[in-house]
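Thanks for coming. I will go through one structure this morning, a few places at a time. Please have it open in front of you.

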Amino acid sequence: MYDLALLVSSCALLGCVVGFLAGLLGIGGGLIIVPVLSSLLLMFDVTSPEHVLVISIATSLASILFTSTSSVLAHHKNDNVPWQIAPWVMSGVGLGALISGFAASLIPEQALRSVFAISVVFIAGRMVLASRSKSLKEKPLPKGIILGSISALMGALSGLIGIGGGALIAPMLNYFSVDMKKAIGCASASGIVIALFGSIGYISAGWQVTDLAHGFAGFVYLPALFGIVITSWFVAPLGAKATHYLPVNIIKKIFAVLLVLIALKMVFS
């Protein structure tokens with residue numbers, strides 16, 4: 001019981017960090033949750049190394065369901081969710097995330113680590129270079145099924161590595177000339193769908209592997225989920241407010257370097 005309380009407390013502290021960074025930098029909390037939670041689950045002997053990464057990814061997605069809901073409500077109040085294109089994007093990412101939830105349990109642990117690490121390095125590079133790149137020519141937004149198909153690929157990758165999708169969906173929409181605030185708002189709405197359908201996939205795929213009596217709903221570890229959510233929900237708005245006072249561009253570069261180091265550690269650990 002003491003170990004469980006300590007684990008939940010550690011996850012609550014993790015939720016504080018994740019919530020603040022998500023609000024400050026507009027990135028999915030899964031980039032931090034997955035590697036840190038993997039270490040915590042092994043430290044407290046919750047699961048075996050064979051399943052630790054998929055459990056961490058599933059739990060990360062489930063937590064994003066709550067934080068994305070908080071975020072999209074704020075964006076909707078500010079009229080930053082482009083509902084004319086959001087249904088196509090949300091449908092695509094939902095399908096991709098659902099498929100990834102089942103597929104992740106079939107991918108070998110080391111291969112899943114490599115996919116996560118490569119994706120993190122790519123996202124870190126985007127964070128550093130985004131402020132420098134200026135589009136000289138507007139690119140038209142794809143219509144209907146094409147936009148949905150592109151979104152499905154983004155949703156599948158997001159679900160596979162346990163992130164809400166903001167780090168992928170927002171740059172994709174902005175590339176197609178969607179205003180960045182609107183792109184972030186749409187990505188937040190998509191994060192709810194990615195988290196919901198991805199979690200359904202992970203819960204269904206893990207139901208025969210884990211035990212509810214030990215705190216698992218499929219591959220989602222409920223005590224860790226509770227610890228992360230009870231703090232990240234409330235801290236994320238503080239991070240959003242801090243964007244007005246802190247040098248966000250500098251923090252993004254520092255955070256990008258940190259992400260690369262975490263990715264390398266996951267591959268070679």
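**A walk through the model**

Start with Asp211, which sits in the loop between α8 and β1 (216-217). Before going on, note that this is a predicted model. Asp211 counts as partly exposed, because its relative accessibility is 37%. If you pick its C-alpha atom and that of Thr59, you will find them separated by 15 Å, with the two positions 152 residues apart along the chain.

Next, the loop between α7 (166-175) and α8 (180-206), where Ser177 is found. Its phi is near 70 degrees, which is a positive value in a residue other than glycine. Is Ser177 buried or exposed, or partly exposed? With a relative accessible area of 34%, Ser177 is partly exposed. Asp179 lies in the loop between α7 and α8 as well. Asp179 has a relative accessible area of 46%, so it is also partly exposed; the limits for that class are 20% and 50%. From Asp179 to Pro82 the C-alpha distance is 9.7 Å, and the two are 97 residues apart in sequence.

There is another positive phi at Asp45, near 55 degrees, again in a residue other than glycine. Asp45 is placed in the loop between α2 (30-43) and α3. Its relative accessible area is 65%, and therefore Asp45 is exposed.

That brings us to the interior. The largest nonpolar core has 64 residues. Which residues have the most contacts inside it? They are Ile32, Leu173 and Tyr202. The helix that gives the most to this core is α3, with eight residues. As background, nonpolar side chains tend to be buried together in soluble globular proteins.

Take Tyr202 and look at what surrounds it. Leaving out residues up to four places away in sequence, Tyr202 touches Val54, Ile57, Ala58 and Leu61, and its other contacts include Gly159, Leu160, Gly218 and Phe219. Tyr202 also touches Ser100, Gly101 and Ala104, and those three are among the buried residues of α4.

So, helix α4, residues 86-104. How far apart should the ends of its 19 residues be? At 1.5 Å a residue the helix should span 27 Å, and the end C-alpha atoms are 26 Å apart, which agrees. Its buried residues also include Ala86, Val89, Gly92, Val93 and Gly94.

Two more buried positions. Leu259 is in helix α10, residues 248-268. Its relative accessibility is 0%, so Leu259 counts as buried. Leu259 and Val121 are 7.0 Å apart in space, C-alpha to C-alpha, although 138 residues apart in sequence. The other position is Thr231, placed in helix α9, residues 222-242. Thr231 counts as buried because its relative accessibility is 14%, and the cut-off is 20%. What does Thr231 touch, not counting residues up to four places away in sequence? The contacts are Ala12, Gly15 and Cys16.

Last, the surface. Phe66, Trp233 and Phe234 form a nonpolar patch there, and together they have about 320 Å² of accessible area. Phe66 lies in helix α3, residues 52-77. At 36% relative accessibility, Phe66 counts as partly exposed. So α3 gives eight residues to the largest core, while one of its residues, Phe66, belongs to a nonpolar patch on the surface.

Notes:
Residues numbered from 1 in each chain as written. Predicted model: local features only at pLDDT ≥ 70, side-chain atom pairs only at ≥ 80, totals over all residues. Heavy atoms only, no water. Patch = residues over 30% accessible without salt bridge, like charges linked within 9 Å, V, L, I, M, F, W, Y side chains within 5 Å. Areas by Shrake-Rupley, 256 points an atom, 1.4 Å probe, with all protein chains shown as cover. Salt bridge = Lys/Arg side-chain N within 4 Å of Asp/Glu carboxyl O. Helix = DSSP H or I, 4+ residues; strand = E, 2+ residues; numbered from the N terminus. Buried < 20%, exposed > 50% of the residue type's maximum accessible area, 1.4 Å probe, protein only. Core = buried A, V, L, I, M, F, W, Y, C linked by side-chain atoms within 4.5 Å. Contact = heavy atoms within 4.5 Å. Expected span 1.5 Å × (residues − 1).
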